[in-house]
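Me: Hi! Could you walk me through the helix packing and the ligand site in this one?

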Amino acid sequence: MPILDGQVALVTGGGRGLGRSIAHAFAAHGAVVAIDDVYRDENGVAAAGATANEIEAAGGKALALFEDVTTGDGARAMVEATVERFGRLDILVTCAGNVTRGLLHELTEQQWDSLINLHLRGHFLSCKMALPHMLEQNSGRIITVGSRGAFFQVPASKKISRDIRKPPSTAYSAAKAGILGMSTTLAVELWETGITVNCLLPSATTQLFPETGARMVGGVPASASLDPDDIAPTVVYLASPDAADISGKIVYSSGGDLIFYGDQLDVRGSRMIRKLGRWTPEELQEIVPSMVGAGNE
Ligand SMILES: NC(=O)c1ccc[n+]([C@@H]2O[C@H](COP(=O)([O-])OP(=O)(O)OC[C@H]3O[C@@H](n4cnc5c(N)ncnc54)[C@H](O)[C@@H]3O)[C@@H](O)[C@H]2O)c1
């Protein structure tokens, strides 16, 4: 039996990129899929409609929606239309997103607000509208979409200037960090229910990130493949009944690389020192460079 047999999924931003790959994979594994996306090409062709048509042509069942996830009305209409058509909602994947590039002092207030709105408010509203249905069923799978850009890898020392991977913008990192925080907190909020929440950190070539690619991941060269279709099986698994006990995880997926990140603030992965009493700045002058590795450069 297909692992998502009989499940009803809603994929925001499912017209293109990762969302499109995930919608296809859901359908291929037995789910019926609602695809929401606001994008239309220069000829007026809606991306959500195109993905839905492809799925139906391949023998699946799909519904195209064109709602804006940043508005309460849009997010509500998207969820209600899915439930009305398919009777329930089992899986929500929030791929709707965009990127703003630029240095912080050059970003306009409008650019900042619009990116935070799309990612954070979009995630909030999509989850808010989907949850009453999932809570009523006492089951559900929410897969949010963060980014490794939420916590950009900072070199050990200011003395290192070469080969630093440049973030798109602070607005993008802030939005994605917000999604990580929202996802782990929501997972805990829903701990006693049958609903899981996990946050995907993808890396793939799409129209949004035509040049994307983590050159290094976990200290080793990243997977050579940047095909969004490689990420979809991870999302299918997280959305499946088999993953009932997996919640609150931050999951990197790209090509054949898969990381289940540990707790970001767990001191076991960090350097911690303790003094019985208060540190002096002079003592810290001595000790901090070796703690952060700056003394080794
Ligand atoms: N591609 C990567 O390597 C990568 C890495 C990290 C995070 N991400 C995140 O993954 C998500 C998907 O990115 P992608 O690379 O597939 O990009 P993409 O542009 O191909 O897909 C995003 C889709 O979201 C849709 N969308 C935008 N605003 C919307 C709105 N208000 N309502 C409904 N739909 C809307 C767009 O029309 C687009 O089709 C984004 O959140 C992105 O930040 C991608």
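Reply: Happy to; helix pairs come up below, then the ligand. This is a predicted model, where local features need pLDDT of at least 70, side-chain atom pairs count only at pLDDT 80 or more, and totals for chains, interfaces and linings use all residues. Residues are numbered from 1 along each chain as its sequence is written, and side-chain values use heavy atoms, with hydrogens and water left out.

Me: How do helix 1 and helix 6 cross?

Reply: The axes of helix 1 (residues 17-28) and helix 6 (residues 232-239) come within 9 Å and cross at roughly 55°. The two are therefore oblique to each other (not under 35 degrees, over 145 or from 65 to 115).

Me: Which residues meet there?

Reply: Helix 1 brings Ser21, Ile22, Ala25 and Phe26, and helix 6 brings Ala232, Val235, Val236 and Ala239 (contact means heavy atoms within 4.5 Å).

Me: And where do helix 3 and helix 4 stand, at what angle?

Reply: Helix 3 (residues 72-86) and helix 4 (residues 109-137) have axes that come within 9 Å and cross at roughly 35°. On the helix 3 side the contact includes Gly72, Ala75 and Val83, and on the helix 4 side Leu125, Met129 and His133 are among the residues.

Me: Switching to the ligand, which residues come nearest?

Reply: Leu18, Asp37, Tyr172, Thr206 and Gln207 do, out of 30 residues around the ligand (a heavy atom within 4 Å).

Me: What does Thr206 do with its side chain?

Reply: An N or O atom in the Thr206 side chain is 2.6 Å from an oxygen atom of the ligand. For Leu18, a polar backbone atom is 2.8 Å from a ligand oxygen.

Methods. Axes fitted to C-alpha atoms, helices over the stretch in contact; angles between N-to-C directions. Helix = DSSP H or I, 4+ residues; strand = E, 2+ residues; numbered from the N terminus. Polar contact = N/O pair within 3.5 Å; in protein donor to acceptor, adjacent residues only side chain to side chain.
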